[in-house]
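Subject: Handing over the two-chain model

Hello,

Here is the structure I promised to pass on. Please open it first, then read my notes below.

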Amino acid sequence: MDELHWSVQALISVLLVAAGVFALVGAVGMLRFPDFFMRLHAPTKATTLGVGGVLLASMVMSWVSGSFGVHELLITIFLFVTAPISASLLAKAAIHLRSPSKAGDAPVETR
Amino acid sequence: MIDLALDFAFGCIGLALVLCTWRLVRGPEAPDRVLALDTLYVNVVALVVLLGMRLQTSLFFEAALLIALLGFAGTVALSRYLSRGDVIE
């Protein structure tokens, strides 16, 4: 790991630190926001970005060591596609269960 | 430098896992718990990838991909169950 050029090392380190901060911010937001619909925001944005940062760092590392890094790309694409889907399904479930919201009552379901 | 950044990322994601577990235990309603589980598995994917970087092996990527797939299936099944009452109609 130490034989890499210093700029590559700096790039990987910056990506890793940013990813850790994003993951932590997502978890703190999920813990601290007052109602469910606000809590839904923090993990779906910040934590997805955090995982994206970790995978990007891993991708850069495998690029400079010669391989292509398809695995990381697969995981990144999968996570970035599925995060909004699961968030939407969870929001639907919460609306159906009439979770209390600071923004007023949830709209009445049409079907 | 990379080792230091890896340690920092391990610490942050470990702390994030603890906070997710706190929300999972405390969560006032069922959707909160499902959301906590969702965030938990996303963080575990990051942790497994970090472990692969630390140990300099590409063996863990399949594990990370599997965790991501099964976690998504679990989240979809649980939220379908909460909103419809059963998983497959």
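What share of the 111 residues in chain A is buried? The answer is 42%. Bear in mind throughout that this is a predicted model.

Confidence first. The model scores ipTM 0.84 and pTM 0.86. For chain B, the mean pLDDT is 88. In that chain, 99% of the residues reach 70 or more.

Chain A overall

Chain A has four helices and zero strands. Along the sequence the pattern reads α-α-α-α. The radius of gyration of chain A is 18 Å, whereas the globule rule gives 13 Å for 111 residues, so chain A is more spread out than a compact globule. Its C-alpha trace spans about 60 × 30 × 15 Å along the principal axes. Now take the contacts in chain A between residues at least 6 apart in sequence. Of these, 63% join residues at least 24 apart.

Where the chains meet

In chain A, 45 residues are in contact with 43 residues of chain B. On the chain A side, the elements that give two or more residues are α1 (6–32), α2 (36–39), α3 (41–64) and α4 (70–96). α1(A) gives the most, with 16 residues. By class, this side of chain A has 29 nonpolar, 13 polar and three charged residues.

The core

The largest nonpolar core has 57 residues. Which residues have the most contacts inside it? They are A:Val54, B:Val45, B:Ala46 and B:Val49. Both chains build this core. From chain A, α1, α3 and α4 each give two or more residues. From chain B, α1 (2–26), α2 (30–55) and α3 (61–84) do so. The largest share comes from α2(B), with twelve residues.

Look at B:Ala46 in particular. Leaving out residues up to four places away in sequence, B:Ala46 touches A:Ala19, A:Ala23, A:Gly50, A:Val51, A:Val54 and B:Ile13. A:Val54 is thus on that list, and A:Val54 is also one of the residues with the most contacts inside the core.

α2(B) and what follows

I checked the length of α2(B). At 1.5 Å a residue, its 26 residues should span 38 Å. The end C-alpha atoms are 37 Å apart, which agrees. As a reminder on helices: an α-helix has 3.6 residues a turn, so residues three or four places apart point the same way.

α2(B) is followed by B:Gln56. This residue lies in the loop between α2 and α3 of chain B. What is the phi of B:Gln56? Phi is near 60°, a positive value in a residue other than glycine. Is B:Gln56 buried or exposed? B:Gln56 is exposed, because 9 other C-beta atoms lie within 10 Å, and a residue with 12 or fewer counts as exposed.

The segment after α4(A)

One more residue to find is A:Arg98. Where does A:Arg98 lie? A:Arg98 is in the segment after α4 of chain A. A:Arg98 is exposed too, with 11 other C-beta atoms within 10 Å. A:Arg98 and A:His41 are 57 residues apart in sequence. In space, they are 18 Å apart, C-alpha to C-alpha.

To find your way in, start at B:Ala46, one of the residues with the most contacts inside the largest nonpolar core. Then go along α2(B) to B:Gln56, which follows that helix.

Best wishes

Conventions:
Residues numbered from 1 in each chain as written. Chains lettered and ligands numbered in written order. Predicted model: local features only at pLDDT ≥ 70, side-chain atom pairs only at ≥ 80, totals over all residues. Rg over C-alpha atoms; globule rule 2.2 N^0.38 Å. Buried ≥ 20, exposed ≤ 12 C-beta atoms within 10 Å, placed from the backbone. Contact = placed C-beta atoms within 7 Å. Nonpolar A, V, L, I, M, F, W, Y, C, P; charged D, E, K, R; others polar. Core = buried A, V, L, I, M, F, W, Y, C linked by C-beta atoms within 7 Å. pLDDT = per-residue confidence, 0-100. Expected span 1.5 Å × (residues − 1).
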